[in-house]
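Thanks, everyone. I would like to take a few minutes on one model, going from its charges and overall dimensions down to a single residue.

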Amino acid sequence: MSLSTCKLPTGRVYDVIEIDNLRCRTEIGKKQEVVISMRLGCDIRKAGKSDDVADSVNDRDVSTDVITYVRSNSFNLVEKLATDVARICIAIHKVPWVQVRVHRPQALRFSDSVGVLIERTPEDFDDSVVHLSLGSNIEPKKNMRDALTLLKKKVLVLKMSSSFLTSPQIQLDQPDFINMAVRILTDMAPAQLKTFLSGIEKSLLRVRDHKNKSGPCTIDLDISLWGSKVLEYSVCNSGDGSNHNSSNGHIRKKELPDPDILRFAHVAVPLAEISPNMKHPTNGSTLASVAMKITGREDFENSFPTVGLFR
């Protein structure tokens, strides 16, 4: 990491944190190494006085988030990879300007590397950081894998929790569930995202029984947290359980954050595993504290056994 300065077209001058030559393997047509460098515009004057990393952009956190995302996804174009890295820097780490350079070493004959260089600001994106909760107890490994694959077609999946094997709630005479959480970036509004999630449920043959909402299911996808916002949104439930505009449906209000976070361990624990220090928008406790309170354990991550989805 090093520091320099940059001047935007607006005339504003920013200090710059430089992260050079992160190396990781991902799939761009085939599995290969990529080299990622970032310039993060920021104001380090406060950190320069306080000597506290909390007053600056944490380069370790940026690097970890970028590497985790790039390693766990596949791309058709290096342009998409670079744009997604810029979105992570701006939406997650709140930088006002970022320059991203991504190179593929020895990707072209007679050349050392091939790559792209982009610059972006918050005006280029309209992203929200959202946490989703997933569950299944009908062919759960297959349906969870398929749901994640379909999710990645339209949102950036930043981080996934472990896959926890949990006992059913309310209706107890059914198989155990696999539950997990994912943190995503999306430019959709809440109602749009819920409609997209309902489409995934429908494609995986989710059958809703409105007389028994706690029964077995192929897949259940819920929005749990919309950043730190407290909000309501409306979805239209048609007769087949999907969410879309329909003269035969009825409007249903949904609350965010999802009240189930404070009620059920199988919701709280996966969320707390991926974002332990995030504060619950209404009660102010960290998600780790919420999970500890519900489970009665400091090691809340060990409240449930885990299973491998991808092996």
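Let me begin with a question: how far apart are the mean positions of the positive and negative charges of the protein? Before I answer, please keep in mind that what you see is a predicted model. There are 42 positive and 38 negative charges, and their mean positions lie 3 Å apart.

Turning to overall dimensions, the C-alpha atoms occupy a box of roughly 60 × 50 × 45 Å along the principal axes. The radius of gyration is 21 Å, which agrees with the value near 19 Å that a compact globule of 311 residues would have.

As for secondary structure, the chain contains 7 helices and 14 strands. If we consider the contacts with a separation of 6 or more, 63% of them are made by residues that stand 24 or more positions apart. On the question of burial, 47% of the 311 residues count as buried, while the protein exposes about 16300 Å², of which carbon and sulfur atoms supply 48%.

Now to the single residue, which is N143, found in helix α4, the helix that covers residues 140-151. Is N143 buried or exposed? Its relative accessible area is 5%, and since the cut-off for buried is under 20%, N143 is counted as buried. As to what surrounds this side of the helix, if we set aside the neighbours within four places in sequence, N143 is in contact with S136, I138, L204, T218 and I219.

I will stop there and take comments.

Terms used:
Residues numbered from 1 in each chain as written. Predicted model: local features only at pLDDT ≥ 70, side-chain atom pairs only at ≥ 80, totals over all residues. Heavy atoms only, no water. Helix = DSSP H or I, 4+ residues; strand = E, 2+ residues; numbered from the N terminus. Rg over C-alpha atoms; globule rule 2.2 N^0.38 Å. Buried < 20%, exposed > 50% of the residue type's maximum accessible area, 1.4 Å probe, protein only. Contact = heavy atoms within 4.5 Å. Areas by Shrake-Rupley, 256 points an atom, 1.4 Å probe, with all protein chains shown as cover. Lys, Arg positive; Asp, Glu negative; His and termini not counted. Charge placed at Lys NZ, Arg CZ, Asp CG, Glu CD.
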